[in-house]
Amino acid sequence: MTIYSLYVFDRHCACIYYHDWHRTKQTRPAVEGGLLKAVSRAVAPRQVDSGATTAPSTLSSPRNTLVPTTGAVIAVGEDPSASTVPPTRSAGSRTNTLTFDEEAKLVYGVILSLRNMIKKLSRRDEQFTSYRTSTYKLHLYETLSGYKFVMLSDPSTDGLRFVLRQIYSGPFVDYVARNPLVPMDSREQGIDNEYFRASVDRMIRGLSAFA
C-alpha cells in the first residue's frame, strides 16, 4: 500500500494545491497560464530565459499515475499536447504524458462526471467517496464550502476519506483558512505555503498506508 498524490480544488474548479509522494510516471510542468500561482513549485510553468538553456528543475519530482484504464465504481486520454519547453526533451516516455494543468482538469472532470452519474442512477442521496481501477484508487472529501480534497493511492489501500477530512480540519484550517496572508477564493493564486505543505507531508508520512 502506498499514497501517490494529493490535489485540492476550490469551488471554481481550479486546482489550488498539489503534493506528490510516490508516483510511477513523470508528468510535464503546466503550460504558462494553465495553472494558478502558488499551487506547487514542482509543477509550475518553467521560466525560460531567452538565449539560455533551461536546466532540469531540482524541484520537479512528480510522476504521473493517471493512466487510461477501466475500473469499478465503489460509491465513484491522454492528450499528447505539444510541450512548451524548447525541443531538447528526450524522445519516449515524456511525449505521451499530460502537462500538469491537463492532468488536474482530468482529475476534476472524472470526479464531476461520476458524482453526477451516481446522483442520476441512485434512488437515494448517496455520496461519491472513492473509485478504484487496476492501477490506482481515488479518494474524495468535499467540504460544505465547496473545496474538494482528492487523494490517489495504491488500489489495495483502504478508504482514506478520514485522512482528507483531517487535512481539512487541521492544517487547512490552521494555515490556510485562518491565515490572512493566504488569498482564499481569489481565482488568481493557490494556497501553497511552507507550513501547510510541511504539516500535510508530516501527516501523510505518519500513516500506516504510506510506504
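Guide: A polar contact is a pair of N or O atoms within 3.5 Å; within protein, one must be able to donate a hydrogen and the other to accept it, and residues adjacent in sequence count only if both atoms are side-chain atoms. This is a predicted model, in which local features need pLDDT of at least 70 and side-chain atom pairs count only at pLDDT 80 or more, while totals for chains, interfaces and linings use all residues. Residues are numbered from 1 along each chain as its sequence is written, and side-chain values use heavy atoms, with hydrogens and water left out.

Visitor: What caps the N-terminal end of H3?

Guide: Asn-193 does: one of its side-chain oxygens lies 3.1 Å from the backbone nitrogen of Tyr-195. The limit for such a pair is 3.5 Å, so the distance of 3.1 Å meets it.

Visitor: What makes residues 194-205 a helix, and how does the span of H3 fit?

Guide: Helices are DSSP runs of H or I with at least four residues, strands are runs of E with at least two, and both are numbered from the N terminus. H3 has twelve residues. The expected span is 1.5 Å times one less than the number of residues, which gives 16 Å for H3; its end C-alpha atoms are 16 Å apart, so the two agree.

Visitor: Which residues of H3 are buried, and which are exposed?

Guide: Buried means under 20% relative accessible area, exposed over 50%, and partly exposed in between (1.4 Å probe, protein chains only). Phe-196, Arg-197, Ser-199, Val-200 and Ile-204 are buried. Seen down the axis, these residues fall within an arc of 165° (taken from the directions from the helix axis to the C-beta atoms), so they line one face of H3. On the other side, Glu-194, Tyr-195 and Arg-202 are exposed.

Visitor: What do the buried residues of H3 pack against?

Guide: They pack against strands S1, S2 and S6 and helix H2, where contact means heavy atoms within 4.5 Å.

Visitor: How do you know that S1 and S6 pair?

Guide: Two strands pair if DSSP finds at least two bridges between them. Six bridges join S1 to S6, which run antiparallel, so the condition is met. Tyr-7, for one, has Val-150 as its bridge partner in S6.

Visitor: What covers S6 on its two faces: are the residues there buried or exposed?

Guide: Lys-148, Val-150 and Leu-152 on one side are buried, and so are Phe-149, Met-151 and Ser-153 on the other.

Visitor: Where is the kink in H2?

Guide: The kink, of about 40°, is centred on Pro-171; a bend is the angle between axes fitted to the seven residues ending at a residue and the seven starting there.
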